[in-house]
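Here are a few friendly notes to read alongside the model. They go point by point, so feel free to keep the view open and follow along.

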Amino acid sequence: MRWLAALLLMTAPAPAAAAPARIVSLNLCTDEYLLLAARPGQIASISKLGADAQETPFAARARDLATNSGRLGDVLAQRPDLVLTMGAHPQDEALAQRLGIRLLSLPYPKSPAEVAEQVKRVAQLLGNPVAGEAFAAEVAALSESAPARPMPALMIGGGGLAPAMGGLAAGWLRLAGFTQRAGGAVTMEALIADPPAVLLISRYRLGQFSQPQAWTQHPALARLPSRRIAVDGRAFLCGGAAMPTEIRRLRLRRSMQMSRLPEQP
Amino acid sequence: MLEAITLARPPMLEPVSLALPPGTVTGVIGPNGAGKTTLLKALAGLSRGPGSVLIDGEPLTPHPRRLAWLPASRDAVWPMTAATLVALGLGPGAAPDAQAVAAALAACDAAPLADRPVNQLSTGERARVLLARALVARPAWLLLDEPIANLDPGHRLDVMALLAAEAQRGAGVVLALHDLDLAARCDRLLLIHKARLVADGTPADVLQERHLAGIFGVTRAANGWQRAANAPLGD
Amino acid sequence: MIRLLALLCLALAAASLAIGPVDLASVWARDPELARTLFVELRLPRTGLALAIGAGLGGAGAATQALLRNPLASPDVLGPSTGAALGAVLAGYFLGAGVIGMAAGGIMGALAALLLLLGLAGFGAGPAAGSTRLVLAGVAVATLLGVAINLALSLAPSPFALYDLMIWLMGSLADRTLPQLLIAAPLIALGLALLVRAAPALDALALGEEVAQSLGVATAGLNRHIIIAVALATGAGVAVAGSIAFVGLVVPHLVRPFTGHRPGAAIVPAAIAGAALLLAADIAVRLLPLDLRLGVLTALIGAPFFLSLILRGR
């Protein structure tokens, strides 16, 4: 964080100018952080994905923003003060270093708590620490109120891919009251032969045909005795800033299931 | 009766009107490219164009018992046996008739070839098998394009005799050929030259010196044929 | 011989129904309802589709070789299968069509590719298409259409589309659904029925187009009839399972020696043999530890045979 201190020192005479004025995000997940915590006018551009309603629930907030292709070379003309990304290309890191551009490449978070930390950090960088604290508080509240007896569940995405049991998505599901019972590739046969109590089906780009997408709509799934709950696949793409809302929704569905209300997946 | 009424296939054949009675062997002769094949195919109803062809007063509809067409090509794509190939001449969906197949092969001196794949036969052997295919359904009319072209002298004579026998049983035979000596054995000759029917009559009428020299560019000689002097080659 | 082939088919079908990552019998012991779902929604469609699509490809291959009087002709190598895949891709990825719409797209794609192929090969305009010209035209059409599929999938709305490329070009029967079977199978059966009806005429065609005409075969009508039938017999199957190569090319050669080399009579045995071949390939896909595509396995069996054909030929 040394460079942040240097930045603050350099711009000390104008306290409000401690916050960067032209911020660029090259990655969907950092797009979401920015859209959550940035003040108006702070964002120079976000990646195309961040403005796409098919990719993130936050797209509505990005309506008037410029978008970039996700590569550093494309945003140089915008003369950013800060470039945010996750899992940066090595070429981009080298380029940023050569040109003296502040590139912050966040690591992929491994748990909801890490997500909260990242949001706090970004919010502080943006000069809006309040937003970061609010988000972290939300996540902490969800953690504290996580159901004591989680239901065994299986979340599957396109083509039968299930998020890893110990991974980020599983961490969030735990806050919603579900334990992911298996990870990796799930064959349809295995699923039918041993159906989970609750089947969480990721809905992503429903109207757009592809073989993996068609897998999630296989007629066999409709015949399983499992309780089926639809999950907003967009939020799970990053498992980041959009998750608290989705977790709250899933909790509601879960309690409906437990009180045996008719489910609508 | 096979009638052609102002049958034409421009530019390869100018209008021709003919009446061919059954029970005769009609030869179609003429230099290469004169239009013999065009005439035969038109008579067989295989090409479209001005004029019409009637069989016994009715417009021609193809059927194995009514008419058999034998093209000059000796190609055989599939390695089927001679017997299988000849049996196809009975027509699509016809009941198998092993006897008719055997008889047709025997008539063409191809009986020993019955179980041999046709693509392994010599050209002449295949020619005889293909002829047997044309005969197998005992059609009323046989239209044959150069049926003796690949045959050795002995088989040439055999085939001419066979065709004469077919005519005797009541069929009408029309064949294109180059062998002028064998053409003399036909009941009637049609001489085609540059898309026109130039002569129509008995062999004696048609095979006159002026036609032989003027159209074919040959004259009779002591040992057969020779090039005519002052022959207007290619005219 | 047909009886033997049919028996082989039945045996393979039974094996196909029994094979899978999960032991059906033990599931049935635990929960018959689940076993029923597993059988009806997964095993049955997969086996049924292998049977139907294999039969369609085999029969269509035999009919195409008969019509074009060319042992190298085959809808799954010379373009129609690739065309069907393109038609299905356009219908499914761009027009949002469901199972029925994609089947229709597949049939129309096959039809268009067939017409393009025959037009390029100079067919129907006179003497039979020369072998060289036909194969060249077929390679050109198939390559062009394959590239078009690649392009279409790159431009499709769904970001997953391009990953489906291998499925469309090499085929797959994994996780196919009952609705897919119920739509594809009747269409394929209709196509096959039309082909079988034309079998005697196709036999006569072995004598050449002119001779067939003189025997009473309406060759222009026959061309149209076969083209539509081949599109039906292959298009719907490709829409469901992608383009599976070599079945239509190889299987007619295997059965023709038993029909006296009559090309039309080979259609029924080729259909049964095609079904058997595809069943066997799909069983191999499930049993082999490697993750191989269906088209790879049919090609593994077909390509050496194809090579030996060429070597033995001239």
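1. Strands β1 (residues 2–9) and β4 (residues 52–55) of chain B pair in the antiparallel sense, over four bridges. One place to see this is B:Leu2, whose bridge partner in β4(B) is B:Ile55. This is a predicted model, so please read every position here as a prediction. As general background, strands of a sheet pair through backbone hydrogen bonds, either parallel or antiparallel.

2. The pair belongs to an open sheet of four strands in chain B, with the order β2-β1-β4-β5 and antiparallel pairing. Which strands stand at the edges? They are β2 (13–20) and β5 (58–59) of chain B; each has a single partner strand, so one side of each is left without a neighbour in the sheet.

3. A helix goes with these strands. Helix α1 (residues 36–43) of chain B lies across β1, β2 and β4 of chain B. Relative to β1(B), α1(B) runs at about 125°.

4. Stepping back to the whole of chain B, you will find eight helices and 12 strands. The radius of gyration of chain B is 18 Å, close to the 18 Å that the globule rule gives for 235 residues, so chain B is as compact as a globular protein of that length. Taken along the principal axes, the C-alpha atoms of chain B fill a box of roughly 55 × 45 × 30 Å. Of the 235 residues in chain B, 43% are buried. Among the contacts in chain B with a separation of 6 or more, 64% are between residues 24 or more positions apart.

5. How is chain B divided into domains? Domain 1 covers 2–66 + 139–227, while domain 2 covers 78–137. Their C-alpha centres lie 24 Å apart. Where the two domains of chain B touch, domain 1 gives 13 residues and domain 2 gives 13 residues. On the domain 1 side, β7 (141–145) and α5 (153–168) of chain B each supply at least two residues, and α5(B) gives the most, with four residues. By class, that side of domain 1 has eight nonpolar, two polar and three charged residues.

6. Chain B also touches chain C, in a contact that takes 21 residues from chain B and 19 residues from chain C. On the chain B side, the elements that give two or more residues are β6 (67–70) and α2 (82–88) of chain B. With three residues, β6(B) gives the most to this side. The residues of chain B that touch chain C divide into 14 nonpolar, six polar and one charged.

7. Chain C itself has 14 helices and zero strands. Its radius of gyration is 19 Å, close to the 20 Å that the globule rule gives for 314 residues, so chain C is as compact as a globular protein of that length. The C-alpha trace of chain C spans about 65 × 45 × 35 Å along its principal axes. Buried residues make up 58% of the 314 residues in chain C. Among contacts in chain C between residues at least 6 apart in sequence, 78% join residues at least 24 apart.

8. How many residues does each chain bring to the contact between chain C and chain A? Chain C brings 22 residues and chain A brings 20 residues. On the chain C side, α3 (32–68), α4 (80–94) and α8 (178–197) of chain C each supply at least two residues. Among these elements, α3(C) gives the most, with five residues. The side of chain C that touches chain A has 13 nonpolar, six polar and three charged residues.

9. Finally, a look inside chain A. Is helix α6 (residues 168–176) of chain A mostly covered or mostly exposed? Helix α6(A) is mostly covered, with eight of its nine residues buried. Among the buried residues are A:Leu168, A:Trp172, A:Leu173 and A:Leu175. The buried residues of α6(A) pack against α4 (112–125), α5 (129–144), β6 (151–156), β8 (178–180), α10 (233–238) and α11 (243–258) of chain A. Just after α6(A), A:Gly177 takes a positive phi of about 100°.

How values were computed:
Residues numbered from 1 in each chain as written. Chains lettered and ligands numbered in written order. Predicted model: local features only at pLDDT ≥ 70, side-chain atom pairs only at ≥ 80, totals over all residues. Buried ≥ 20, exposed ≤ 12 C-beta atoms within 10 Å, placed from the backbone. Contact = placed C-beta atoms within 7 Å. Nonpolar A, V, L, I, M, F, W, Y, C, P; charged D, E, K, R; others polar. Rg over C-alpha atoms; globule rule 2.2 N^0.38 Å. Domains from an automatic or database assignment. Pairing = 2+ DSSP bridges. Axes fitted to C-alpha atoms, helices over the stretch in contact; angles between N-to-C directions.
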